[in-house]
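Colleague: Got a minute to walk me through this one? I'd like the overall picture, then some detail.

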Amino acid sequence: MSYIAGFVAAVPAANKEAYRRHVAKAASVLKEFGVTRMVEGWGDDVPGGKITDFKGAVKAKPDEVITFSWHEYADKAAADAAYRTMMSDPRMAEIGASMPFDGQRMIIGGFTPFIDLGTRGKTGYVDGSLVPVPAANKQAYLAMAAEQAAVIKEHGATRVVEAWGDDVADGKVTDYRSAVKATGDEAVVYAWIEWPSKQVRDDAWKKVIADPRMYADIMPYDNQRRVHGGFAPILDA
């Protein structure tokens with residue numbers, strides 16, 4: 001089974017091009033370590049929330065933009081091996097020393113996909129989400145998410161991925177659990193939807209929201225704490 005390293009960060013809007021160059025340089029090295037795909041999304045439609053949102057997740061400042069990104073690996077063993085190699089490679093140390101954003105507020109975690117519907121390929125737009133799910137409700141969430149993924153793909157998405165957090169550590173400044181205000185018995189799901197374009201995405205959501213198959217009788221998680229946003233890819237390697 002594949003494995004996902006998921007990231008959320010806050011980047012000064014003025015540093016967009018510097019950030020794009022930064023992640024492109026990192027991608028050129030990471031592919032040697034086993035990363036099969038690396039996608040970086042620049043915040044485009046990232047709303048504020050009443051309880052949680054992406055900006056609060058990384059304590060974003062007014063002049064900062066949210067990035068949502070992930071690395072894909074063949075499996076967890078490959079991801080663990082890549083991490084060990086990264087820590088000892090001087091090129092990664094050099095890249096890390098010149099980050100055009102506050103790395104202390106970036107949140108990082110490892111996730112195992114339990115839904116991966118569709119095909120990989122260059123994406124035109126991404127919807128990203130973080131979801132708090134009680135561990136006891138994992139199977140109920142899986143059943144609901146699988147049905148919803150099929151509906152979303154039917155309405156135009158090219159790929160839908162839902163991944164269960166299995167290496168989500170507490171952080172000193174920010175982390176995934178605080179991002180969704182997770183309680184002690186909850187796991188964090190890292191999820192995204194890939195679309196051919198933003199226009200396809202915008203048109204599709206009107207149909208998705210109106211589709212009765214999207215609504216479960218009983219929600220197996222607290223939807224009010226779900227974090228979501230739309231992102232324009234600036235790197236898809």
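Modeller: Sure, one term before we get to partners: two strands count as paired here if DSSP finds at least two bridges between them. And keep in mind that this is a predicted model.

Colleague: Fine. Which bridge partner does E40 have in β3, then?

Modeller: That's S69. E40 belongs to β2, residues 37–45, and β3 covers residues 64–73.

Colleague: How many bridges do β2 and β3 share, and in what sense do they pair?

Modeller: Six bridges, in the antiparallel sense.

Colleague: What about β2 and β8?

Modeller: β2 also pairs with β8, residues 227–236, in the antiparallel sense over six bridges. Within that pairing, W42 stands opposite A232.

Colleague: Is β2 largely enclosed or open?

Modeller: Largely enclosed by the rest of the structure, because seven of its nine residues are buried. Buried means under 20% relative accessible area.

Colleague: And which way do side chains go in a strand, generally?

Modeller: In a regular strand they alternate between the two faces of the sheet.

Colleague: Let's zoom out. What's the secondary structure count?

Modeller: Seven helices and eight strands.

Colleague: How does the radius of gyration look against a compact globule?

Modeller: It agrees: for 237 residues a compact globule would be near 18 Å, and the chain has 17 Å. The C-alpha atoms fill a box of roughly 50 × 35 × 35 Å along the principal axes.

Colleague: What share of the chain is buried?

Modeller: 49% of the 237 residues. The accessible surface is about 11,100 Å², with 55% of that belonging to carbon and sulfur atoms.

Colleague: And the contacts, how far do they reach along the sequence?

Modeller: Taking contacts between residues at least 6 apart in sequence, 90% join residues at least 24 apart.

Colleague: Now charges. How far apart are the mean positions of the positive and negative ones?

Modeller: 3 Å, for 29 positive and 32 negative charges.

Colleague: Last topic, A237. Where is it?

Modeller: A237 sits in the segment after β8. A237 is partly exposed, at a relative accessible area of 48%.

Colleague: Which residues does A237 touch?

Modeller: Leaving out residues up to four places away in sequence, A237 touches A27, T36, R37, M38 and K122. R37 and M38 fall within β2, which spans residues 37–45.

Colleague: And how far is A237 from D166?

Modeller: They're 25 Å apart in space, C-alpha to C-alpha, and 71 residues apart in sequence.

Notes
Residues are numbered from 1 along each chain as its sequence is written. This is a predicted model: local features need pLDDT of at least 70, side-chain atom pairs count only at pLDDT 80 or more; totals for chains, interfaces and linings use all residues. Side-chain values use heavy atoms; hydrogens and water are left out. Helices (H or I, at least four residues) and strands (E, at least two) are DSSP runs, numbered from the N terminus. The radius of gyration is taken over C-alpha atoms; the globule rule is 2.2 Å times the number of residues to the power 0.38. Buried means under 20% relative accessible area, exposed over 50%, partly exposed in between (1.4 Å probe, protein chains only). Contact means heavy atoms within 4.5 Å. Accessible areas come from the Shrake-Rupley method with a 1.4 Å probe; for residues, only the protein chains shown count as cover. Lys and Arg count as positive and Asp and Glu as negative; His and the chain ends are not counted. The place of a charge is taken as NZ of Lys, CZ of Arg, CG of Asp or CD of Glu.
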